[in-house]
Amino acid sequence: MMKTLSRLALAGAALALANQAVAQVTLYEHEGWRGRAVSANEAVPDLSRYGFNDRASSVVVEHGQWEVCEDADFRGRCMVLRHGSYESLRGMGMNNRISSMRPLGHRERYENEAPAALPQPTYEYRRRPEEAVFEVPVDYVHAVMGAPEQRCWVERQQVSEGGRGANAGGALAGALIGGILGHQIGGGSGRDAATAGGAIAGAVIGANAGANGGGKPGSSEREVRRCENVPAARPEYWEVGYRFHGVEHRIQMASEPGPRILVNRDGIPRQ
């Protein structure tokens, strides 16, 4: 009986103390790889033995493929997780539902495979299993905005069609009519001159009439694309400064921190 209890105690210690370098899978209590973490490098039939039943909200798979199941002893609904980082289990319906997990052999495809994981490393500041952290005050936070964004839209606009130039058809018709009228005036050389003058005058009138529709410029509607540059909607990152053990630290963070942040013994942020 004592030997059995000793084996169980050693198994629990191996699970709880497995570090990120040797662990094949790490479960995190909160989304985004935050909160308490438990790691394993072999099958775990029942996570309740380690106080982590139905508590995992994000996962990092360091090696291989792992099957996580809703019930103990790998029963109930199960999902296969491949190498990579899973920031949230909510989308696959496994948030706070994992009760057992085990490694699987390599296969090209699994019927119950989870959505693709993010490549590693994905979250530099995630807390490592059993890592001691310290709370320190933030000295300053500067929001750094990204480059301006271009926004475009299409609108309808009135476009004038006047002043398109002389109309050749109108000029020809005007010249013909003007010539006929001029030919009826006078006689001899006078008639010839009147004919020529009438043709010229008629051509001018006809051309102008055809060009602008009788002196009234026209217009139509058409779609016009317009663009403008606007400031970025949110900061690209936050520059954060703090002191830990007398050393000043400056880092860039993807989200705005609160008045205090957690760091490890080396002063590196942890969330």
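**Figure 1. The disulfide between Cys-152 and Cys-227 joins two strands in this predicted model.** The sulfur atoms of Cys-152 and Cys-227 lie 2.0 Å apart and form a disulfide. A disulfide is a covalent bond between the sulfur atoms of two cysteines. The pair links distant parts of the chain: Cys-152 belongs to strand β9 (residues 149–160), Cys-227 belongs to strand β10 (residues 219–230), and the two cysteines are 75 residues apart. The angle about the S-S bond is 110 degrees, and the link of Cys-152 and Cys-227 is right-handed. Are these cysteines buried or exposed, or something in between? Cys-152 counts as partly exposed because its relative accessibility is 33%. Cys-227 is also partly exposed, with a relative accessible area of 35%.

**Figure 2. A second disulfide is formed by Cys-69 and Cys-78.** A search of the whole structure finds 2 disulfides, and this view shows the one between Cys-69 and Cys-78. The sulfur atoms of Cys-69 and Cys-78 are 2.1 Å apart. The link of Cys-69 and Cys-78 is right-handed, with 110 degrees about the S-S bond. Cys-69 has 0% relative accessibility, so this residue counts as buried. Cys-78 is buried too, at a relative accessible area of 12%. When the bonded cysteines of the protein chain are numbered in sequence order, the pairing reads 1-2, 3-4.

**Figure 3. Three strands, β5, β4 and β7, form an open sheet.** The strands lie in the order β5-β4-β7, and their pairing is antiparallel. Which strands stand at the edges? These are β5 (75–81) and β7 (100–104). Each of these edge strands has a single partner strand, so one side of each is left without a neighbour in the sheet. From one strand to the next, the twist averages 25 degrees. Strand β4 (residues 65–71) pairs with β7 in the antiparallel sense over 5 bridges. For Val-68, the bridge partner in β7 is Met-101.

**Figure 4. Arg-82 sits in a loop and makes a polar contact with Glu-113.** The loop that holds Arg-82 runs between β5 and β6 (84–86). Arg-82 has a relative accessible area of 18% and is buried. Buried means under 20% relative accessible area, so a residue at 18% falls in that class. The side chain of Arg-82 makes a polar contact with the side chain of Glu-113, at 2.6 Å. Leaving out residues up to four places away in sequence, Arg-82 touches Val-61, Gly-64, Gln-65, His-106, Arg-107, Glu-108, Arg-109, Tyr-110, Glu-113 and Ala-117. Glu-113 therefore appears in this view both as a residue touched by Arg-82 and as its polar partner, within the 4.5 Å used for contact.

**Figure 5. Five strands form an open sheet that includes β8 and β11.** The order of the strands is β12-β11-β8-β13-β14, and the pairing is antiparallel. The edge strands of this sheet are β12 (247–253) and β14 (269–270), and each pairs on one side only. Strands β8 and β11 pair in the antiparallel sense over 7 bridges. Which residue of β11 is the bridge partner of Val-138? The partner is Tyr-242.

**Figure 6. Phe-134 and Phe-244 form an aromatic pair.** The structure holds 1 aromatic pair. Phe-134 and Phe-244 make up that pair, with 5.8 Å from centre to centre and 40 degrees between the planes, and the arrangement is tilted. The pair links distant parts of the chain: Phe-134 is in strand β8 (residues 134–145), Phe-244 is in strand β11 (residues 235–244), and 110 residues separate them. The two rings fall in unlike classes of accessibility. Phe-134 counts as partly exposed, at 36% relative accessibility, whereas Phe-244 counts as buried, at 7%.

**Figure 7. Ser-39 and Thr-26 make a side-chain polar contact.** Ser-39 lies in strand β2 (residues 34–40). The relative accessible area of Ser-39 is 0%, so this residue is buried. The side chain of Ser-39 makes a polar contact of 2.7 Å with the side chain of Thr-26.

Key: Residues numbered from 1 in each chain as written. Predicted model: local features only at pLDDT ≥ 70, side-chain atom pairs only at ≥ 80, totals over all residues. Heavy atoms only, no water. Phe/Tyr/Trp six-rings, centres within 6.5 Å; stacked < 30°, edge-to-face > 60°. Helix = DSSP H or I, 4+ residues; strand = E, 2+ residues; numbered from the N terminus. Buried < 20%, exposed > 50% of the residue type's maximum accessible area, 1.4 Å probe, protein only. Pairing = 2+ DSSP bridges. Axes fitted to C-alpha atoms, helices over the stretch in contact; angles between N-to-C directions. Polar contact = N/O pair within 3.5 Å; in protein donor to acceptor, adjacent residues only side chain to side chain. Disulfide = S-S within 2.5 Å.
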